[in-house]
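Here is a short report on pockets, a strand pair and a helix contact. Keep the structure open while reading.

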Amino acid sequence: MIMKLNELVRPNIVKLKPYSCARDEFQGEASAYLDANENPLNAPWNRYPDPLQKELKEKVATLKGVRTDQLFFGNGSDEPIDLIVRIFCEPGVDNIVAIDPSYGMYQVCADVNNVEYRKVLLNEDFTLNADKLLAATDPKTKVIFLCSPNNPTGNDLKISEMVRVMESFPGIVVVDEAYIDFSSRESFLTMLDTFPKLVVLQTFSKAWGMAAVRLGMAFASPEIIHYLNKVKYPYNINLLTQNFVSAELAEEERKKNWVDLLLQQRTDLIAALKKLPLIEHVYPTDANFVLVKVNDANAVYRYLVDEKIIVRNRNTVSHCLGCLRITVGVPEENELLINALKKLNS
């Protein structure tokens, strides 16, 4: 069944008249800004930032090979995740389907917005079964969330299975690519024009090393971007963030070097972990972290905390019994971890 985008959007959102801020009503440079009740002193921080971040979008669009009308900036990726739920899902009526295990904020946003969240277990090897996922949908399913490389499992989902979901599901398919820079596969950004209801999420938090800056990206059709801009708060990305990220974009070569370093460290860390008797299994990863199964996840986690080494205990997550998630650090951090685990093993 083919559904037009407006048929997926909540009726009140279609009718919504968005807040019109001062910077929406005037484009260009003025002789005097007397429209927004700003303090005229302390330039440039006294002025409200561009609500659509046009200059930064031009740079990022060039970097990513997309058009500016396919790009939305959020306060981290969590903002567009929440906006997607609010735009497309009628509280108490519609539902969301997502893989399990996966990133926890999808369910948090669904719960906050009173939207049913249906989990579909991945296979035991963390692979995706598209038919199983699609079988969990019904006419009230508006959004499917897929995270690839997936968190906390680390693996890329099979592209053919993901494409089958996009081809078969009439609603919105969100592909979260927060860790795409550490993967060898091509981004789904190349498929935006093929699948008009596809939303791709990326971030500056991981490979670019800017988690504290809080800038996430959503890529989609201009129609979906229109609704994201319609519902977001007017000045969701501050000037400090826009300026900082704009300057950092000139350091793309440095970012690539960081990724190369982390990929090498990932290889070395996996090799070292596999030599430890307490490690029962190291799962394949396409991200900047490794999921490992240990003989006693809770005990190993507490021991590492006492050693002031913090990893993530995923012992209670579906299919992750006995597992810890370990972020790839710099060589010194990885060595501290391995030496601590060797002591525990001795």
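In which sense do strand S8 and strand S9 pair, and over how many bridges? The model is predicted. In it, S8 (residues 279-282) and S9 (residues 289-294) pair in the antiparallel sense. Three bridges hold the count for this pairing. One partnership can be named: Ile279 has Val294 in S9 as its bridge partner. The link from S8 to S9 is a hairpin of six residues.

**Helix contact**

Two packed helices are described by an angle and a distance, both taken from their axes. For helix H4 (residues 78-88) and helix H8 (residues 222-231), the angle is about 100 degrees. Their axes lie 10 Å apart. An angle from 65 to 115 degrees counts as roughly perpendicular, so H4 is roughly perpendicular to H8.

Which residues make the contact? H4 brings Leu83, Ile84, Arg86 and Ile87. H8 answers with Tyr227, Leu228 and Val231. By class, this contact has six nonpolar residues, one charged residue and no polar residue.

**Pockets**

Rolling a probe the size of a water molecule over the atoms shows where empty space is left. The table sets out the two pockets.

| Pocket | Volume | Nonpolar lining residues | Polar lining residues | Charged lining residues |
|---|---|---|---|---|
| Largest pocket | about 1100 Å³ | 23 residues | 15 residues | 10 residues |
| Second largest pocket | about 650 Å³ | eight residues | six residues | seven residues |

Start with the largest pocket. Its lining has 48 residues. Nearest the centre of this pocket lie Asn151, Tyr179, Lys206, Arg325 and Thr327. Which elements give two or more residues to this lining? Three are strands: S2 (95-100), S3 (116-121) and S11 (323-327). Two are helices: H10 (252-274) and H12 (331-345). H12 supplies the largest share, four residues.

Now the second largest pocket, with a volume of about 650 Å³. A set of 21 residues lines this pocket. Closest to its centre are Glu29, Tyr48, Pro49, Asp50 and Glu55. Helix H3 (54-64) and helix H9 (239-248) are the elements that give two or more residues to the lining of this second pocket.

Methods. Residues numbered from 1 in each chain as written. Predicted model: local features only at pLDDT ≥ 70, side-chain atom pairs only at ≥ 80, totals over all residues. Heavy atoms only, no water. 1 Å grid on protein atoms, 1.4 Å probe; cavity = no way out; pocket = protein on both sides within 12 Å on 5 of 7 lines; lining within 4 Å. Points joined across faces, edges and corners; volume = space filled by probe spheres on them. Nonpolar A, V, L, I, M, F, W, Y, C, P; charged D, E, K, R; others polar. Pairing = 2+ DSSP bridges. Axes fitted to C-alpha atoms, helices over the stretch in contact; angles between N-to-C directions. Parallel < 35°, antiparallel > 145°, perpendicular 65-115°, else oblique. Contact = heavy atoms within 4.5 Å.
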